[in-house]
Amino acid sequence: MTVPQRRGRSIMMSPGELDSFLTGGRTCRVATVSADGAPHVSTLWYVWDGASLWLYSVVRSRRWTDLRRDPRVAVVVDAGEEYAELRGAELSGRVEFVGEAPRTGELCAELDLPETLFARKHFGLREMPHDGRHAWLRLTPEKVVSWDFRKLAPG
């Protein structure tokens with residue numbers, strides 16, 4: 001169950017706005033916790049399937065190592081340059097590892113939709129190319145906080 005947003009209700013995105021925003025985005029920033037407790041933030045491509053954020057990560061990365069040890073994560077997708085244009089969402093929860101790691105293309109029905117979406121969006125292809133270096137993480141958020149400063153009345 002997703003925790004409801006308490007603050008910033010006047011600028012939060014509606015469920016439809018949030019879905020459209022996440023579907024249209026390409027990159028996100030992923031925050032993990034290192035073994036020594038230090039935060040680590042990295043950028044990834046992603047796809048949104050309407051319920052979960054799918055991240056395609058290099059398995060020999062600090063991010064992957066951090067998440068194997070502690071699956072808690074916060075992910076930010078944002079847009080805008082000027083203050084009045086800023087909008088975004090922070091999704092947090094625990095990632096799940098889906099499919100083989102690294103991904104080589106073994107049949108995995110759970111990955112059919114994210115791989116189709118990802119291949120089209122990021123590679124312009126019908127099928128996902130597998131390089132034997134990446135694998136899938138699924139974040140079904142426990143908490144979502146969104147903002148859209150375009151909703152603020154000009155002052």
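Tutor: Two strands count as paired if DSSP finds at least two bridges between them. Keep that in mind as we look at this predicted model.

Student: What makes β1 and β4 a pair of strands?

Tutor: Strand β1, residues 27–33, and strand β4, residues 72–79, share three bridges in the antiparallel sense. The cut-off is at least two bridges, so they pair. One place to look is Ala31, whose bridge partner in β4 is Ala74.

Student: How do you know that β4 also pairs with β5?

Tutor: By the same test: eight bridges join β4 to strand β5, residues 87–98, and the two run antiparallel. With a cut-off of at least two, β4 and β5 therefore count as paired. Here you can find Arg72 opposite Arg94 in β5.

Student: Now to another strand. Why is Val58 said to be in contact with Arg133?

Tutor: Contact means heavy atoms within 4.5 Å, so Val58 and Arg133 must have heavy atoms within that limit. Their C-alpha atoms are separated by 5.6 Å, although the two residues are 75 apart along the chain. Val58 belongs to strand β3, residues 53–58. Leaving aside neighbours within four places in sequence, its contacts also include Arg63, Trp64 and His134.

Student: And the second largest pocket: what makes six of its lining residues charged?

Tutor: Asp, Glu, Lys and Arg count as charged, so six of the lining residues are of those types. The others divide into five nonpolar and three polar. Of the 14 residues in the lining, Arg103, Leu111, Asp112, Glu115 and His130 lie nearest the centre of the pocket. His130 counts as polar, because His is not on the charged or nonpolar list. The pocket holds about 190 Å³ of space.

Note on methods
Residues numbered from 1 in each chain as written. Predicted model: local features only at pLDDT ≥ 70, side-chain atom pairs only at ≥ 80, totals over all residues. Heavy atoms only, no water. Helix = DSSP H or I, 4+ residues; strand = E, 2+ residues; numbered from the N terminus. 1 Å grid on protein atoms, 1.4 Å probe; cavity = no way out; pocket = protein on both sides within 12 Å on 5 of 7 lines; lining within 4 Å. Points joined across faces, edges and corners; volume = space filled by probe spheres on them.
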